[in-house]
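Colleague: Could you walk me through this model before I go back to the bench? I have a few questions.

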Amino acid sequence: MRLELEKRSEHSALMTVLSPVVALGLTVVAGGILFAAMGYNPGEALYAFFIEPLTNQWSIEELLVKAGPLILIAVGLSVCFLSNNWNIGAEGQFTIGALAGSMIPILFHEYTGPMAMPLMVLMGALGGMVWASVPAFLKTRFGTNEILTSLMLVYVAQFLLDYLVRGPWRDPDGFNFPESRIFDDAHTLMTLGDGRLHLGFVFALVAVFVIWFMLSQTLKGFEIKVMGETPRAGRFAGFSHRGIVWFGFMVSGAFAGIAGMAEVSGSIGQLTPVISPGYGFTAIIVAFLGRLNPIGIVFAGLLLALSYIGGESAQVALGLSDKITRVFQGMLLFFVLACDTLILYRIRLIKSAPKAGGAHERA
Amino acid sequence: MSALEPILLTIITASTPLLLAAIGELITERSGVLNLGVEGMMIVGAVMGFAITAMSGSPYLGVVASMFAGMAMALLFGFLTLNLMTNQVATGLALTILGLGLSGMLGEAFIGQPGIKLPVLHIPGLSDIPFIGTVLLSQDILVYISLALVAAVYYFLFKTRAGLVIRAVGDNHTSAHALGYSVLKVRYLAVLFGGACSGLAGGYLSLVYTPQWVEGMTAGRGWIALALVVFASWRPLRLLVGAYLFGAVSVLQFHAQAAGIGLPSQLMSALPYLATIVVLVIISRNQAVTRANTPACLGRPFSPDR
Amino acid sequence: MSKQGVPSSDAVDQPVLVKAVSISKRFGEVLANDSVDLTIREGEIHALLGENGAGKSTLVKILYGALEQTSGDIVWRGNTVKIANPADARTLGVGMVFQHFSLFEALSVADNIALALPKDTDLKALPERIISVSKKYGLPLDPNAMVADLPVGVRQRIEIVRCLLQEPSLLIMDEPTSVLTPQEADELFKTLQRLASEGCAILYISHRLEEVQRICQRATIMRHGKVVNECDPRQETPASLARMMVGADVHAIKSTSEITTGNPLITLRDLNLPADNAFGIELKDINLEVFAGEVVGIAGIAANGQSELFDAISGERRVENVHAVNLLGVPVGKKKINPRRKLGAAFVPEERLGHGAVPGFRLSDNVMLTRFSTEPSLLLRGILKRGNAAEMEQRIKVNYDVRMTHDNPEARSLSGGNLQKFVVGRELDRKPRVMVINQPTWGVDAGAAALIRQALIDLARTGAAVLVISQDLDEIYEVSDRIAVISRGQLSPAEPANVMTRERIGMLMAGMGEKNTSKSDEGQAHAARA
């Protein structure tokens with residue numbers, strides 16, 4: 001018996017929609033097995049993980065708070081990934097966006113005018129863009145692999161954050177804790193509802209709409225998809241390779257930067273050595289689970305946010321390690337990638353021996 | 001001499017995990033597969049190595065466990081990219097994310113536990129020779145394995161028929177298939193070898209480098225190993241030089257910190273990552289060399305029907 | 001080679017080497033081979049004739065073990081055999097030279113040959129064996145050379161030597177002359193005849209009728225997956241063979257009216273372009289004028305600078321000297337492709353899937369691909385008007401007979417011929433004043449090819465300048481008013497088609513015209529029009 005893939009002549013529209021759902025189903029099944037193996041009642045554990053957080057208002061609000069940065073970063077990444085640029089350093093761009101956005105509240109904390117907040121958003125975006133410009137520049141100028149450079153910069157960004165909160169930006173009145181001063185109200189993002197949810201979620205929704213419109217209706221979106229699928233045809237259409245590398249990195253860098261700024265300004269309220277539970281990496285999963293489609297990314301972002309809350313909830317309810325969250329996230333991405341194969345291929349089981357296998361032993 | 005010895009010893013210790021992971025990835029990439037999941041395979045190798053050592057008391061069993069853990073991860077990667085023809089870049093990332101998650105969960109019970117260090121293989125007579133003996137011949141088994149692997153991989157790739165087949169598959173999988181070679185089989189073996197080496201590299205971290213389990217202890221070394229393969233333009237001997245150069249940079253950075261150079265420690269810690277970027281830029285500036293050495297099928301999925 | 005001294009002049013009375021009995025092969029819905037019978041005798045050169053898609057390649061791959069038949073038997077020297085993979089085939093004594101070579105560019109000639117030989121081959125002695133075989137059959141080779149550095153003709157020699165070292169009883173050659181100059185082809189024929197005289201059977205796949213008539217004793221003709229005829233090609237005429245292949249008379253392309261040429265619409269003056277990668281070709285001092293109303297054909301063997309020339313004219317690659325490329329009277333050397341399109345130029349590249357069209361995009365989006373810059377109806381302030389693109393797609397589909405199973409499918413799902421009709425139709429639909437097309441009918445069935453060639457001639461007769469780059473000499477002769485030859489990045493002066501003999505083109509392809517490209521181009525062109 002062996003598995004054989006048969007190429008479909010066109011993309012399967014059904015599978016395009018179904019694949020993430022199947023992947024989620026498989027993840028739940030695999031998760032149940034995992035829970036059972038660890039000696040928990042799988043039904044109980046899955047309930048605590050996936051359902052319980054949705055039963056109270058506090059958790060739902062928390063869900064949206066966490067979904068905000070995930071969606072915002074993932075929408076930016078989708079532009080990058082669609083154009084076949086592998087920016088996997090969104091975590092670093094998020095960090096630098098947070099640092100740049102914190103300049104006003106930390107260095108110029110007396111300035112509390114009405115322009116403070118818009119300036120902070122702008123700084124956040126610029127910070128992310130500056131950090132993303134390094135891999136973009138190196139790729140367009142020298143052909144350097146952007147995967148490795150963007151990732152290396154994540155570590156550098158984290159050391160920079162660590163240096164600042166332990167050194168020059170440390171709160172002088174903070175009893176030597178490695179933290180910045182707590183942001184002034186004028187430097188805190190406007191909140192919605194009970195006070196946890198902040199404007200960052202609105203930024204994410206705006207980004208979703210803008211990118212959805214761009215990708216589906218405009219020449220720029222067309223260009224991104226052509227360059228991603230077949231750069232040679234893109235050149236034939238008169239599109240520029242360099243231009244699209246820069247565009248993808250700038251959009252994803254700006255969005256990640258804004259997300260970082262919104263996180264410190266809206267959720268944390270100060271700079272600390274750790275400001276992200278890996279949003280920049282989880283957003284990669286969100287982007288793929290959402291099929292690089294802004295609307296899909298909204299659902300995927302909510303689901304991945306649920307995996308964070310679910311991890312905490314399962315920890316409280318059953319004493320499970322919250323590390324399980326990351327395992328779920330990893331499994332989900334694996335299943336999504338595997339199921340995406342079904343969009344372009346049919347799977348068949350064939351009973352004969354492989355055709356070209358081991359040919360030479362007998363020669 | 002005596003001041004130099006400890007520095008050289010730490011350079012060897014810092015270089016060995018990079019060398020192990022990179023030599024495995026070199027074979028994987030030579031067969032045309034880009035496995036970006038080195039970091040994930042390494043960290044799972046690290047946690048399994050530590051766990052089995054802690055449970056059995058034998059660091060050698062731990063080494064074997066780390067190797068199989070890396071291979072298990074590689075098998076998963078192989079199934080997706082080779083059988084299901086998924087995107088290799090995305091799947092490699094998935095492998096890293098999954099590996100970091102899995103290791104965190106598996107290792108939770110071992111946090112803070114004292115580890116057992118892989119013993120130095122004392123070679124009677126030889127290990128006592130000043131300098132040469134005390135530095136080069138007083139190492140644990142994994143150091144010797146890593147060096148032997150470089151030589152073996154060099155011989156295998158360029159002097160044996162099987163090595164020729166791997167290079168052929170990486171250069172043109174369609175032709176290799178047409179000649180009757182099983183592209184899938186060759187690539188599976190190469191991916192598994194890469195996984196085994198990455199697992200060993202992880203095991204080295206948790207059994208020698210810092211004999212304990214710390215979450216995320218690979219700290220980007222898997223990614224640096226990937227960069228090293230590019231730096232070495234897919235050649236084993238250059239890889240040896242590259243890995244030791246990098247080991248030296250990261251060690252000197254420690255010593256500079258200890259010596260109290262006025263720079264912030266974080267800047268020094270960021271040095272290996274910055275150095276990686278610089279090295280990648282230098283290498284990619286020389287397009288002619290890179291292009292001529294890159295396996296032509298690297299990262300391209302193979303399906304026999306076309 | 002296996003049996004020495006078997007006469008080859010007429011092998012009808014020779015023992016049967018291999019028989020394919022009622023072979024069928026199904027791919028999903030498609031029956032690529034439908035009860036095919038084929039008999040090959042020792043020492044004969046047997047032609048397998050048929051259009052693209054007739055099922056020749058499928059049959060051959062089954063004989064070579066690269067595909068497994070759905071039903072039917074292969075009988076080898078009287079015994080039914082199972083050829084499970086290419087290694088089995090080689091053990092039996094079947095060697096194959098592929099149309100698209102199965103070579104490894106990064107490896108040496110010796111390594112490439114070693115990979116095709118049995119595992120226990122003595123690699124140290126291999127270089128000497130290579131040299132001795134290549135000498136014996138007139139196929140000079142350097143075992144240590146890297147394939148990447150070798151021209152196409154030499155690469156074919158590697159493939160042939162690779163087969164010969166296995167001392168085959170049956171040598172399969174898939175369209176071997178498509179990459180050779182006529183002179184190189186002559187050399188190949190000598191090698192083949194020598195092999196046949198030693199008893200080796202040769203299965204010769206081609207659609208070039210003259211060659212088949214010249215060297216083959218038997219021919220099996222396939223159409224739509226079936227064997228439709230078997231004959232002695234020497235007893236037939238090219239027309240009768242063509243009729244068997246196509247199933248009907250191929251209507252000859254006709255030039256409708258007297259050629260009246262006008263101003264030069266494409267002018268290349270001392271065009272130079274460096275190679276853009278290690279395997280690329282450098283263009284050197286190219287001069288050419290194409291006048292309104294005429295078709296100029298550029299002949300040449302694969303990879304002699306055709307795609308570089310196309311890129312330079314289309315603007316996919318720009319050149320230092322603005323005046324080196326002039327389209328419709330405007331110097332455009334530094335302009336990108338869309339400004340050139342806006343002047344009224346249209347371009348069709350060689351690779352239709354992946355260059356001319358995006359495989360995963362619907363046809364209407366592929367209309368958008370090349371026409372958004374010239375059609376105001378497709379783009380309004382950066383926003384796409386997809387409905388209008390779909391209308392254009394409908395129009396192209398009807399006017400150029402693009403067949404599809406359902407409306408507006410993805411480009412990848414179209415057959416080669418239909419996609420080519422679409423890609424060409426998409427540009428002709430604009431009624432361009434300049435048309436540059438590379439390999440207009442590569443891999444396209446005869447019907448579609450005739451339609452495309454006719455459309456190109458018709459376009460020229462409406463006053464457009466048409467430049468056709470093609471490796472198919474028959475095509476060049478069918479469509480061209482003047483012919484130039486490209487060889488290693490240099491272009492010979494364009495001369496009237498009626499003075500360009502095949503022999504002369506062959507010499508130019510082999511590089512005889514290089515370096516003496518004088519300014520005679522214009523003079524000859526004017527002389528031709530006078």
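Colleague: Which element of chain A has the lowest mean pLDDT, and which the highest?

Modeller: Happy to help, and do keep in mind that this is a predicted model. Chain A as a whole averages a pLDDT of 89, with 95% of its residues at 70 or more. Among its elements, the lowest mean, 73, belongs to strand 1 (residues 2-7) of chain A, and the highest, 97, to helix 4 (residues 90-101) of chain A.

Colleague: Over which residues of chain A does pLDDT stay under 50?

Modeller: Where pLDDT is low, the predicted coordinates should not be read in detail. The model does have 28 contacts beyond four places in sequence for the stretch in question. That stretch of chain A is residues 353-363.

Colleague: What radius of gyration does chain C have, and why does it agree with a compact globule?

Modeller: The C-alpha atoms of chain C fill a box of roughly 70 × 55 × 45 Å along the principal axes, and buried residues make up 50% of its 530 residues. A compact globule with 530 residues would have a radius of gyration near 24 Å, so chain C agrees with its own value of 24 Å.

Colleague: Which element gives the largest share of the side of chain C that touches chain A?

Modeller: The contact takes 33 residues from chain C and 23 residues from chain A. On the chain C side, the elements giving two or more residues are helix 2 (86-92), helix 10 (337-342), helix 11 (363-371) and strand 18 (383-384) of chain C. The largest share, four residues, comes from helix 2 of chain C.

Technical notes: Residues are numbered from 1 along each chain as its sequence is written. Chains are lettered from A and ligands numbered from 1 in the order in which they are written. This is a predicted model: local features need pLDDT of at least 70, side-chain atom pairs count only at pLDDT 80 or more; totals for chains, interfaces and linings use all residues. pLDDT is the predictor's confidence in each residue, from 0 to 100. Two residues are in contact if their C-beta atoms, placed from the backbone, lie within 7 Å. The radius of gyration is taken over C-alpha atoms; the globule rule is 2.2 Å times the number of residues to the power 0.38. A residue is buried if 20 or more other C-beta atoms lie within 10 Å of its own, exposed if 12 or fewer, and partly exposed in between; C-beta atoms are placed from the backbone.
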